[in-house]
Amino acid sequence: MRKGTSILLTATVATSLLAPAAVTAQDQTQLVILSPDAVAALDTEAPGTLVLESMAALVNLMEPLVEFAPAGTHSEGGVHQLDFTSFEGRLAESWEFDPDTLTYRFHLRQGVIGCSGNEFTADDVLYTFARAKSASGTLGPLGWFMFNTGGVAGFTPDVLAPDADRSLGDEVTKVDDFTVDIKVASQRRLFLPVLTDFFVFIWDSKEMQAHATEADPWSHEYATTTNAPSFGPYCLESWTKGSELTAVANPSYYRGPAAIDRIVFRKVPETANRIAALQAGQAHIVQNLTPRDYEFLRQAGNGVHVDSIVGNQFLFLGLSWNVPPFENQALRQAFAYAIPYEEILSTGYGGQATKWEGTVPSSYVGFHRTDAQYTTDLEKAAHLLDEAGFPGGAGLDQYPGVLRLAYVAERESTLGPIATLIQSSFRQIGVELELDPMPQAQFADRVFSKHDVGMFLDDQDKPDLPTAEYALGPFMTTGGPGNYTLFSDPAVDAYFPAVYEETDPAKQDQMLAEIQEIIMATPNWLPIAEYATQWGVRDGVSGLTWHPDLQLRWYDLKVEP
Amino acid sequence: MTGYALRRLGVGVLQLAAITVLVFVVMRFLPADPVGRLVGFTASPETIALTRDKLDLDESLPDQLLIYLGLREGDQSPGLLQGSLGDSWNTGAPVVDQIAQYLPVTLELIILAFVAALLVAVPLGVLAAVRGSGRLDAGIRFYGLFAGAQPEFWWGLAFIFLFYVTWQVAPAPLGRLDFLTAPPPRVTGMLTVDSLLAGNLAAFRDAAAHLVLPVVTLAFVLTGPIIKMVRQNVAKAMASEYVLYARGCGLPTRQIAAYTFRNSLAPSVTLIAILFAYMLGGAVLVEQVFSLGGLGQWAVASVLSFDFPAIQGIVLVITVGTLLVLLAVDLLHARIDPRVAR
């Protein structure tokens, strides 16, 4: 019903052009972005931060120490790309590393004024690290997690024990007002990428402390419900919870005021309404549509185009290591050969996807196209099934409830048809799958926490840091925090932590390639597709740049007068 | 009457307490633990343990209940008896603040829709009953069936298609105000009221224009069953012996209609009150279709994410609202028919 109505509405808009898709003089410096959800929180340590719209606000209101440098290239879909091996200073002007003391020295930019009028100093950096280490928010402490991943000294799991001392020690020290030393436990390539992640963007400590209370010394309530004071390109103008956030360009921004004066970021849950508004010229960018909707926008034209990039969004079929019979390697490989890859790419993603040929996003540093590849080959799948001890699927019925393919019910419009394609293909080798859509919260609990789901389709989780060691370490090592299929292979484990700490990039990439070969040969994640991240955009709007967190930087956007 | 009101109020308080405890306990038996979603997929066992500790989920069920009620200290203190509904696990914001944010949006919508529905449905229902079987009655009955034949969101989308897309006489269904309209200072949270209080007629016009289609959608669906109820009750009253007697005595039609209306009012009021509570459910979909951001949408998001404090707060507010409406109805009922209070 909803899809039918969506097409009905948008088709009418396309043919009748109910309003000229003009950008009025008033709109020249105002840009309207429509999204299906609203900004839920502005605290990096609040659960609401995991809402994509909250991330969008944070990356534009706050500022990092360093950022990936532009690659100077763009995708076929017109989206600018970054160079994940090259960094440019933001709040940090420069830095150097002393291998003897394992210390980074950051020289901070002077004269940076935030939205509250405060000047950026070393105190803000120390505050940000101290707040992350306090693990005092409601969300799993992601600031701590990021610094732990980057190898920052003192950010160990010990500090999470109930009565542990979580105060900042000498791992981060102020040399003077504009110089900071950060000690690391080991030198890692991940250290600088970590600093680009919005979970560790820099807070305006003076403004935050002004809103601290005895019960809430880290101002979580203020940041969650009121503002994210920092030194970013945009300042919060208004925030209507559950509905809309507006931001205005920071006039004192150190890189110069943004080209667009005001951004309206509004929740419009109905897909049809977002499309209609974009086509009518009442919005400039819409996001989080289905692949089919983007295809419709491409075909319809009407002053609208679609910008896209195959970045780090992927689809895989997860098989839990701890759930029999999925510990059987031949069975896993049989399933990998039974997946209808091409149909999924064309039907499920409307051609806006490529086959995933590895276990790491292909845009990431250290990606390796593995020798082992799986293509749809039902004969081979049947043979492997036989080899696994389940000829023609016989014997799988002794594992009741295991052949249920779980996926997030809220993603039904995309994952439902894909799950049906897989179900149909598996039936041809004698494996009867039952589809099991479940609410996102239940999916997260059972897959990430309880690990009691045997098979699942996942297209939403991605490693935020664009290096292979991050995409593999937490996810594919025994006891790794993101290893929710409980994959365990001593050969893979043996590479860690050495692969983190290898300082020769060539050697490091070689080790990562070997790890990817091992995993691909005995897959726990059956890689299916890398699909495009897309935006519906009014003609005349440009400058979209893809970041691994999938959030647009409003500062980069331009609107033609 | 005062004794009846106090008795009724006492029962309401007991009902509220029972529902509060029941909802709290039922939530804990949902088939998923919310921590998995809160900590994300990169969470270590230490992180999961820390989060469970912060949310008091590592306490026993009775202890969690005591903390929620405010009868024991915990990380999630203060509790209900101290006037706190806790903090949302989704946003981290106090549930009370969020209810204050979302509830006025929904109230504004359903109150206006309810008033519109009553203004249309009651006269039509009475008219249909008075005129008896005829074209008007058939037409009204057809409308009653027609309007109720599709859910609210379907009518909402149909109205958007007609009034916004095709005829371009309604504003875009993109929220409560146009992008260029500055919202009035918040007093009640209802934009039409706040804009009038601020003397901001431009904002009032914009807010009212954005409410027309949602209100019409809800009222359109609601009007059908109200017409049907009023018509049945008035027709039943008109066929009663006291009306026949009044007619036999030669009383004027207006006076007979007044007697009839009063006697048919009691059952109608009860049913209308139930409909009012039901409208909260219908409002969810209308809020979704018109991007209004009200309590209904927040409730759905909270349920889907197993945000226990938010769900408990929402249920509590809806329960209080429903109990107050039912209390008011009982008192009105007693006023109409004093035998009820005996």
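This presentation covers the interface between chain A and chain B, then chain B as a whole, and then some selected helices and residues.

Good morning, colleagues. Please bear in mind throughout that the structure before you is a predicted model.

Let me begin with the interface. In this model, 66 residues of chain A are in contact with 53 residues of chain B. The size of an interface is often given as the accessible area lost when the parts come together. For chain A and chain B, that buried area is about 4,800 Å², and carbon and sulfur atoms give 63% of it. How many salt bridges are there between chain A and chain B? The count is zero. Polar contacts, in turn, link eight residue pairs between chain A and chain B, with both residues of each pair at pLDDT 80 or more.

Which elements of chain A supply at least two residues each to the side that touches chain B? There are helices H1 (2–16), H4 (142–150), H7 (220–225), H8 (271–279), H14 (440–450) and H15 (468–476), together with strands S1 (30–35) and S10 (262–267). H14(A) gives the most to this side of chain A, with seven residues. Sorted by class, the side of chain A that touches chain B has 34 nonpolar, 19 polar and 13 charged residues.

I shall stay with one of those contributors, H15(A). Nine of the nine residues of H15(A) are buried, so this helix is largely enclosed by the rest of the structure. The buried residues, in order, are A:Ala468, A:Glu469, A:Tyr470, A:Ala471, A:Leu472, A:Gly473, A:Pro474, A:Phe475 and A:Met476. What do they pack against within chain A? The partners are H4, helix H16 (490–493), helix H17 (498–501), helix H18 (505–521) and strand S17 (525–538) of chain A.

Next, chain B as a whole. Chain B has 13 helices and zero strands. Its C-alpha trace spans about 85 × 55 × 40 Å along the principal axes. Of the 342 residues in chain B, 49% are buried. The accessible surface of chain B comes to about 16,000 Å², and 69% of that belongs to carbon and sulfur atoms. As for contacts within chain B with a separation of 6 or more, residues 24 or more positions apart account for 67% of them.

Two places in chain B deserve a closer look. The first is helix H4 of chain B, residues 61–69, where B:Gln64, B:Leu65, B:Ile67, B:Tyr68 and B:Leu69 are buried. Their cover includes helix H1 (2–27) and helix H13 (308–336) of chain B. After H4(B) comes B:Gly70, with a positive phi near 90°.

The second is B:Ser195, in helix H8 of chain B, residues 191–197. Is B:Ser195 buried or exposed? Because its relative accessibility is 0%, and buried means under 20%, B:Ser195 counts as buried. Beyond its neighbours within four places in sequence, B:Ser195 is in contact with B:Pro184, B:Asn200, B:Ala203 and B:Phe204.

Let me return to chain A for three individual residues. A:Thr370 is found in the loop between strand S13 (353–355) and helix H12 (378–387) of chain A. Despite the loop setting, A:Thr370 is buried, with a relative accessible area of 0%. A polar atom of the A:Thr370 side chain lies 2.8 Å from the backbone oxygen of A:Ala372. Leaving aside neighbours within four places in sequence, A:Thr370 is in contact with A:Glu357, A:Gly358, A:Gln516, A:Glu517 and A:Met520.

A:Thr347 lies in helix H11 of chain A, residues 341–348. With a relative accessible area of 52%, A:Thr347 is exposed. The C-alpha atom of A:Thr347 is separated by 9.0 Å from that of A:Arg292, a residue 55 positions away along the chain.

Finally, A:Asp504 lies in the loop between H17 and H18 of chain A. A:Asp504 is partly exposed, with a relative accessible area of 29%. How far apart are A:Asp504 and A:Arg189 in sequence and in space? They are 315 residues apart in sequence and 9.6 Å apart from C-alpha to C-alpha.

That concludes the presentation. Thank you for your attention.

Technical notes:
Residues numbered from 1 in each chain as written. Chains lettered and ligands numbered in written order. Predicted model: local features only at pLDDT ≥ 70, side-chain atom pairs only at ≥ 80, totals over all residues. Heavy atoms only, no water. Contact = heavy atoms within 4.5 Å. Buried area = accessible area lost by both parts, 1.4 Å probe. Salt bridge = Lys/Arg side-chain N within 4 Å of Asp/Glu carboxyl O. Polar contact = N/O pair within 3.5 Å; in protein donor to acceptor, adjacent residues only side chain to side chain. Helix = DSSP H or I, 4+ residues; strand = E, 2+ residues; numbered from the N terminus. Nonpolar A, V, L, I, M, F, W, Y, C, P; charged D, E, K, R; others polar. Buried < 20%, exposed > 50% of the residue type's maximum accessible area, 1.4 Å probe, protein only. Areas by Shrake-Rupley, 256 points an atom, 1.4 Å probe, with all protein chains shown as cover.
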